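Q: I have a model open and want to go through it with you. Can we start with the cysteines?

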Amino acid sequence: MQKSHPVSSLPKSDQPAGGAAHIRADGIGVTLGERRVLTDVDVVVSAGSRLAIVGENGRGKTTLLHVLAGLTAPDVGTVSRVGTIAVVEQALDVRGHDTVGSIINAAIGDSRRALARLDAATAALTDGRAGAEDDYARALDLATSLDAWDAERRVDIALAGLDACPDRQRALSTLSVGQRYRVRLACVLGASPDLLLLDEPTNHLDRDSLEFLTERLRAHPGGLALVTHDRALLRDVATSFLDLDPSQDGRPRWYAGGYDVWVEGRRRDRARWEQAHADQQAERLELARAADEARGRLRSGWRPEKGHGKHQRATRAGGVVQAFNRKQEALEAHVITVPEPPLRLRWPDLDTPAGRPVLHCDAVTVAGRLDAPTSLSLVGGDRLVITGANGAGKSTLLAVLAGRLTPSTGGVHTHPTATVTLLSQEVPEWPPELTAHQLFERHRAALELRSGGRGSGRVSLAGLLDSRSLRTPVSRMSQGQQRRLHLALCLAEHPDLLLLDEPTKHLSASLVDEMTEALQHTAGAVIVATHDRQLLRDLSGWPVLPLG
């Protein structure tokens, strides 16, 4: 298990390096347990970097960030660092005596020490001590490079921008996880190191805080590398992408030029990979067909008609045997060298007729959770986005529509033949010992029983889980794998109404892009409740129901 460090104990240089700051990693390889998570990774984070490290869950993004920061030693490869470096991790330790003030002091300690050194050098210069001029010049250079005079103000601005607790006396242990995270993030932004390493920095941030973070990262004078599933942040900040997902040659891929270049580059690389794999498979099938034909001729096709002599039969037999051997040797020599491409999302063909009534909701409320009476009607093909601040009742309304929560007032009528499915934010409580495959098969059997066997041919895994994931007990799956499984179970029901509560949560940017494209064209009705800024942009043409 990797060790987590608080911000105050991060390995970093005392000397800022400005434009010369960099982290250079060459040939990095890391094995966790029996699984190789990083292989032959080369990466440079320089003063001008706006690098996104991307990939599916479990591809080693956080591990690589820890290697760059010096928190994890690679099994193979080397890392060199120049300049001041700070990292913000997803999980942050809290010691019992930590306060907001102590975290701030640790974050801007270099600036405060530089100012104290400058004060001492100024006093020595005033007293006319020997060598004071050189000491003063060095102290002034250091304080200037750190912009030390402004450090406290920068932290205060970041605390306010992230809606973080400004009370220096407040114990961190009395703050929520989200509040502690915002304090730590504000401290790092205020410290303004040469290089920032950020792991899922949008966690626990609301819309205003996200906008503040985006602007601060864009304006950061040094370099940064970030790991995030937030596509809006990727689009707004990142200018280069290191993609750790599987590739045709097994190496990470670089894309320079921004979010759209990365998306298009991935698409082209995937298409080339799929075509190369298909070509080799087709070639093998042709070789197998030719060998089967030669085998058939060997059994009967070479025999001459009645009345021909033994010499003609023997001559003909030798040629047929040689031809078969050549075909068989060619088949045995053929090796498929291109690995199987990764899965693509296969959205089921829903058959909900356009305009057919699916659901009507009449003035529903839920005491303490959804106060304003809410009404809506949906037919096949309808689309709706539900927006609102945390606590406005978005998840509550979806639970009511799905029949999982009884409203305090009002009611919901679902068409007798309509299927309504909810992808909730939290995965259901599945039997932990079951593998993903076993759980899916149990679900498939229940669907067959419910439909009287009519739906057995309609159920698939929708291209969401690879073979390794299918063999994994659900209790040991990552959050991203569990989310994929949950989505697969929902799609297997071929819903007439699909309810999606924060559907981008724990899913990679590439999968979310595929899912968003499918949502635009599926025949069923769809309701999406989300804070995801990029998803809201992508669904900007849909009707909106604001809550709260």
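Q: How many disulfides does a search of the whole structure find?
A: The search finds 0 disulfides in the whole structure, where a disulfide is a pair of cysteine sulfur atoms within 2.5 Å. This is a predicted model, so local features need pLDDT of at least 70 and side-chain atom pairs count only at pLDDT 80 or more, while totals for chains, interfaces and linings use all residues. Residues are numbered from 1 along each chain as its sequence is written, and side-chain values use heavy atoms, with hydrogens and water left out.

Q: Which cysteine sulfur is nearest to that of Cys-165?
A: That of Cys-187, 11 Å away, and Cys-165 is in no disulfide.

Q: Is Cys-165 buried or exposed?
A: Cys-165 counts as buried, at 14% relative accessibility. Buried means under 20% relative accessible area, exposed over 50%, and partly exposed in between, with a 1.4 Å probe and protein chains only.

Q: What about Cys-361, where is its nearest cysteine sulfur?
A: The nearest one belongs to Cys-490 and is 20 Å away; Cys-361 is in no disulfide. Cys-361 is buried, with a relative accessible area of 0%.

Q: Switching to the cores. How many residues has the largest nonpolar core?
A: The largest nonpolar core has 36 residues. A nonpolar core here is a set of buried Ala, Val, Leu, Ile, Met, Phe, Trp, Tyr and Cys residues joined through side-chain atoms within 4.5 Å. Those with the most contacts inside this core are Trp-347, Leu-464, Leu-485, Leu-519 and Val-528.

Q: Which helices and strands each supply at least two residues of this core?
A: Helices H12 (436–451), H14 (479–492) and H15 (509–521) do, and so do strands E15 (497–501) and E16 (525–529). Helices (H or I, at least four residues) and strands (E, at least two) are DSSP runs, numbered from the N terminus. H14 gives the largest share of the core, 7 residues.

Q: What does Trp-347 touch?
A: Not counting residues up to four places away in sequence, Trp-347 touches Leu-491, Leu-498, Met-515, Ala-518, Leu-519 and Thr-522. Contact means heavy atoms within 4.5 Å.

Q: And the second core, which residues does it include?
A: The second core is separate and has 34 residues, including Ile-108, Val-188, Phe-212 and Leu-217.

Q: How do H6 and H7 cross?
A: The axes of H6 (residues 177–191) and H7 (residues 207–219) come within 11 Å and cross at roughly 25°. Axes are lines fitted to C-alpha atoms, for helices over the stretch in contact, and angles run from 0 to 180 degrees between N-to-C directions. H6 and H7 are therefore roughly parallel to each other. Angles under 35 degrees count as roughly parallel, over 145 as roughly antiparallel, 65 to 115 as roughly perpendicular and the rest as oblique.

Q: Which residues meet there?
A: From H6, Leu-185, Leu-189 and Gly-190 meet Phe-212, Leu-213, Arg-216 and Leu-217 of H7.

Q: What about H3 and H4, what is their angle?
A: The axes of H3 (residues 109–127) and H4 (residues 132–146) cross at roughly 155° and come within 8 Å. H3 and H4 are therefore roughly antiparallel to each other. The contact residues include Ala-114, Leu-118 and Ala-121 of H3 and Tyr-136, Ala-139 and Ala-143 of H4.

Q: Back to the loops. Where is Thr-202?
A: Thr-202 sits in the loop between strand E6 (195–199) and H7. Thr-202 counts as buried, at 13% relative accessibility. Leaving aside neighbours within four places in sequence, Thr-202 is in contact with Leu-210, Leu-213, Thr-228, Asp-230 and Leu-233.

Q: And where is Thr-228?
A: Thr-228 is in the loop between strand E7 (223–227) and helix H8 (231–237). Thr-228 is buried, with a relative accessible area of 4%. Its contacts, leaving aside neighbours within four places in sequence, are Ile-53, Glu-200, Pro-201, Thr-202, Leu-233 and Leu-234.

Q: What is phi for His-204?
A: His-204 has a positive phi of about 70°, although it is not a glycine. His-204 lies in the loop between E6 and H7 and is partly exposed, with a relative accessible area of 39%.
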